[in-house]
Amino acid sequence: MTLEDRILRLARLGMTPYQIEEQLGIKHFTIHIGYHKTLMQGYSENDAFFDRTAAEQLSGTVTENFRRISLKKRPAKETLTEEEQIEKRKTKQAEARAKNTEKKRSYYQRHREEILACQKRWREMREKLDEKHKRRKEKSTGKARNASGADAVSGNGQGADGNQLSA
């Protein structure tokens with residue numbers, strides 16, 4: 001008799017998966033993975049299995065311990081209407097925003113001098129850079145006017161001061 005046949009026979013007798021695993025020496029909580037179809041076939045052929053209460057079906061020390069642990073982890077879920085859920089979500093978001101704002105404010109208060117000094121340095125560097133760009137722009141526009149000839153001679157034969165040059 002194969003393992004599947006024995007699982008089928010024990011399932012027809014109404015034994016729980018845990019009891020079948022104990023009887024056959026299979027590692028616990030693995031029968032559903034490898035022999036689920038056979039197990040369900042045996043249970044479907046046994047009407048007495050479905051007549052038992054949930055407590056009777058979940059007999060066994062390991063199963064009872066596991067059930068008690070899982071009940072502790074999952075409290076009963078409250079059912080809220082859609083409007084209540086939206087209101088609850090908005091309240092949570094508002095609390096999170098207020099908490100975040102308070103964190104930012106307290107951080108700023110703790111590091112105020114450092115932040116202000118950094119902002120001052122940044123402004124000074126920006127002003128220096130703006131001046132540098134301004135000088136470079138003035139210099140490049142001056143070169144563009146004088147780029148047509150050497151020695152500040154423009155293309156129309158006049159000098160930089162506007163007087164006619166003689167050759």
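In this predicted model, Glu102 and Arg105 both belong to helix 7, which spans residues 82-110, and because they are 3 residues apart there, about one helical turn separates them. Their side chains meet in a salt bridge, with a distance of 2.8 Å from N to O. Side chains of opposite charge can pair when their charged atoms come close. Neither partner is classed as buried: Glu102 counts as partly exposed because its relative accessibility is 39%, and Arg105 is likewise partly exposed at 45%.

A second pairing occurs in helix 8. Here Asp130 forms a salt bridge with Arg126, and the closest N and O atoms are 3.1 Å apart. Asp130 and Arg126 lie 4 residues apart in helix 8, which amounts to about one turn of the helix. With a relative accessible area of 39%, Asp130 is partly exposed; Arg126, at 35% relative accessibility, is also partly exposed. The count of salt bridges comes to 2.

The table sets out the two pairs.

| Salt bridge | N to O distance | Separation in sequence |
|---|---|---|
| Glu102 and Arg105 | 2.8 Å | 3 residues, helix 7 |
| Asp130 and Arg126 | 3.1 Å | 4 residues, helix 8 |

**Charge and exposure in helix 8**

Helix 8 covers residues 112-146, and Arg136 lies within it. Which residues form a positive surface patch together with Arg136? The other members are Lys132, Arg135 and Lys139. Residues in such a patch must have over 30% relative accessible area and no salt bridge. Arg136 has a relative accessibility of 53%, and it therefore counts as exposed.

Ile115 is also placed in helix 8. Its relative accessible area is 23%, so Ile115 is described as partly exposed; the buried class requires a value under 20%. When residues up to four places away in sequence are not counted, Ile115 touches Tyr107 and Tyr108.

**Overall architecture**

The protein chain contains 8 helices and 0 strands. Read from the N terminus, its elements follow the order α-α-α-α-α-α-α-α. Of the 167 residues in the protein chain, 14% are buried. The chain exposes about 14,200 Å², and carbon and sulfur atoms supply 53% of that area. Among contacts between residues at least 6 apart in sequence, 40% join residues at least 24 apart.

**Helix 1 and its surroundings**

Helix 1 comprises residues 3-12, and its buried residues are Ile7, Leu8, Leu10 and Ala11. What covers these buried residues? The cover includes helix 2 and helix 3.

Leu10, found in helix 1, can be examined in further detail. Its relative accessibility is 5%, which is why Leu10 counts as buried. Leaving aside neighbours within four places in sequence, Leu10 is in contact with Met15, Ile20, Gln23 and Leu24. One of these contacts, Leu24, stands 14 residues from Leu10 along the chain, and the C-alpha atoms of the two are separated by 9.7 Å.

**Positive phi values**

Two residues deserve mention for their backbone angles. Gly14, located just after helix 1, takes a positive phi of about 95°. Phe29 has a phi near 65°, a positive value in a residue other than glycine. Where is Phe29 found? Phe29 is in the loop between helix 2, residues 17-24, and helix 3, residues 31-44. Phe29 counts as partly exposed because its relative accessibility is 48%, whereas the exposed class requires a value over 50%.

Notes
Residues numbered from 1 in each chain as written. Predicted model: local features only at pLDDT ≥ 70, side-chain atom pairs only at ≥ 80, totals over all residues. Heavy atoms only, no water. Patch = residues over 30% accessible without salt bridge, like charges linked within 9 Å, V, L, I, M, F, W, Y side chains within 5 Å. Areas by Shrake-Rupley, 256 points an atom, 1.4 Å probe, with all protein chains shown as cover. Lys, Arg positive; Asp, Glu negative; His and termini not counted. Charge placed at Lys NZ, Arg CZ, Asp CG, Glu CD. Helix = DSSP H or I, 4+ residues; strand = E, 2+ residues; numbered from the N terminus. Buried < 20%, exposed > 50% of the residue type's maximum accessible area, 1.4 Å probe, protein only. Contact = heavy atoms within 4.5 Å.
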